[in-house]
Amino acid sequence: MKKKDRSPKSISGMWDEANRYLSDWLDRPLASITKLECADRHEKITRRGPYAANRTMRIFRAAWNRARKTHNLPHENPVIGVEWNKEHRRQEPIPADGLADWAKKVKALTNPVRRDYHMLVVLTGLRRTDAATLRWEHVDLDAATLHRPKPKGGVDRAFTVPLCTQAVKLLRRRKEKSYGPWVFPTRDRKGKLTHIQEPKEDDLPSPHRLRDTWATAAAECGIDMLSTKILMNHSLGRDVTEGYQKPGPEATRAQAQKVADWLWDKMEL
């Protein structure tokens with residue numbers, strides 16, 4: 001994972017689940033673990049959480065496959081005995097007629113850093129971590145752009161997107177009151193300056209639901225799928241032509257502004 005430049009968060013998450021659910025397997029020879037044991041362990045973890053059970057078995061499967069490249073293991077991965085739990089992608093955008101109420105609740109937050117964080121996410125559709133870890137060196141207010149050097153997927157997926165006028169105004173206001181390198185700063189338990197952690201506010205949806213909201217707004221505005229994927233930094237797929245395309249931020253500025261204006265109107269701001 002380190003060689004593939006995976007994020008520290010992904011690596012620590014893998015270790016956490018391996019140690020939580022497979023601690024009694026860690027010192028066992030891989031070849032000694034059977035298909036029946038994998039199926040039984042998956043079923044046991046499922047009682048605590050079906051998604052956790054699937055993730056844990058994927059971790060074991062990946063470790064087994066990696067080890068087989070350099071060790072004499074059986075041809076068949078024992079995870080083949082697992083009956084996977086069905087998974088559903090959560091898509092819970094704020095409905096259009098609920099945006100005004102959401103905006104009122106955000107404006108009522110007493111912490112201005114958290115308030116501006118939520119508003120930036122809904123205006124840009126950024127992933128929650130991309131927004132939370134934003135540094136001033138990656139924001140160009142004059143050019144009205146925002147750069148993420150190491151988003152989900154690593155440095156190969158680095159991207160720059162245009163900022164709508166509402167986001168630029170928000171960030172200029174935040175810049176006037178800023179201290180340190182983080183756009184959304186906070187202090188950890190030891191008092192060290194760091195970036196904001198994921199805000200979980202009472203009676204407000206998760207920041208990731210705001211990304212769903214932005215994507216839904218883009219569809220409502222009639223934004224084409226290619227522009228939507230570029231602005232959300234989604235994979236362009238395996239289409240040969242799209243694979244050659246790497247448009248700059250100006251190519252999608254009008255689309256980003258159109259979505260922001262639609263949201264702004266619905267939020268009654």
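**Exercise 1. Find how β2 and β3 pair in this predicted model, and over how many bridges.**

Solution. Start with the sense of the pairing: β2 and β3 run antiparallel to one another. Next, count the bridges, and you reach four. To place one of them, begin at Thr145, whose bridge partner in β3 is Pro162.

**Exercise 2. Work out which strand pairs with β1 (residues 139-140), and what the hairpin looks like.**

Solution. First, look at β2, which spans residues 145-148: β1 and β2 pair in the antiparallel sense, over two bridges. Second, pick a residue pair: Val139 has Leu146 in β2 as its bridge partner. Third, go to the connection, where four residues sit between the strands of the hairpin. Ala144 in this hairpin has a positive phi near 55°.

**Exercise 3. Describe helix α9 (residues 225-232) from its N-terminal end to the residue just after it.**

Solution. Begin with the cap. Asp224 caps the N-terminal end of α9, with a side-chain oxygen 3.3 Å from the backbone nitrogen of Leu226. Then move into the helix itself, where Ser227, Thr228, Ile230, Leu231 and Met232 are buried. Now ask what these buried residues pack against: the partners are β3 (159-162), α8 (207-220) and α11 (253-267). Finally, step past the helix to Asn233, which takes a positive phi of about 55°.

**Exercise 4. Locate Pro181 and decide whether Pro181 is buried, partly exposed or exposed.**

Solution. Trace the chain first: Pro181 lies in the loop that runs between α7 (165-176) and β4 (185-187). Then use accessibility. Buried requires under 20% and exposed requires over 50%; Pro181 has 31% relative accessibility, so Pro181 counts as partly exposed. For the surroundings, leave out residues up to four places away in sequence; Pro181 then touches Leu134, Arg135, Trp136 and Leu193. As a last step, take Pro151, which is 30 residues from Pro181 along the chain: the two C-alpha atoms are separated by 18 Å.

**Exercise 5. Explain why Cys164 forms no bond with the closest cysteine sulfur.**

Solution. Find that closest sulfur first: it belongs to Cys221, 12 Å from the sulfur of Cys164. Compare this with the cut-off, since a disulfide needs two cysteine sulfur atoms within 2.5 Å. The distance is too far, so no bond forms between Cys164 and Cys221. The tally for the whole structure is zero disulfides. To finish, check the surroundings of two cysteines: Cys164 counts as buried because its relative accessibility is 4%, and Cys38 counts as buried because its value is 0%.

Key:
Residues numbered from 1 in each chain as written. Predicted model: local features only at pLDDT ≥ 70, side-chain atom pairs only at ≥ 80, totals over all residues. Heavy atoms only, no water. Buried < 20%, exposed > 50% of the residue type's maximum accessible area, 1.4 Å probe, protein only. Contact = heavy atoms within 4.5 Å. Polar contact = N/O pair within 3.5 Å; in protein donor to acceptor, adjacent residues only side chain to side chain. Pairing = 2+ DSSP bridges.
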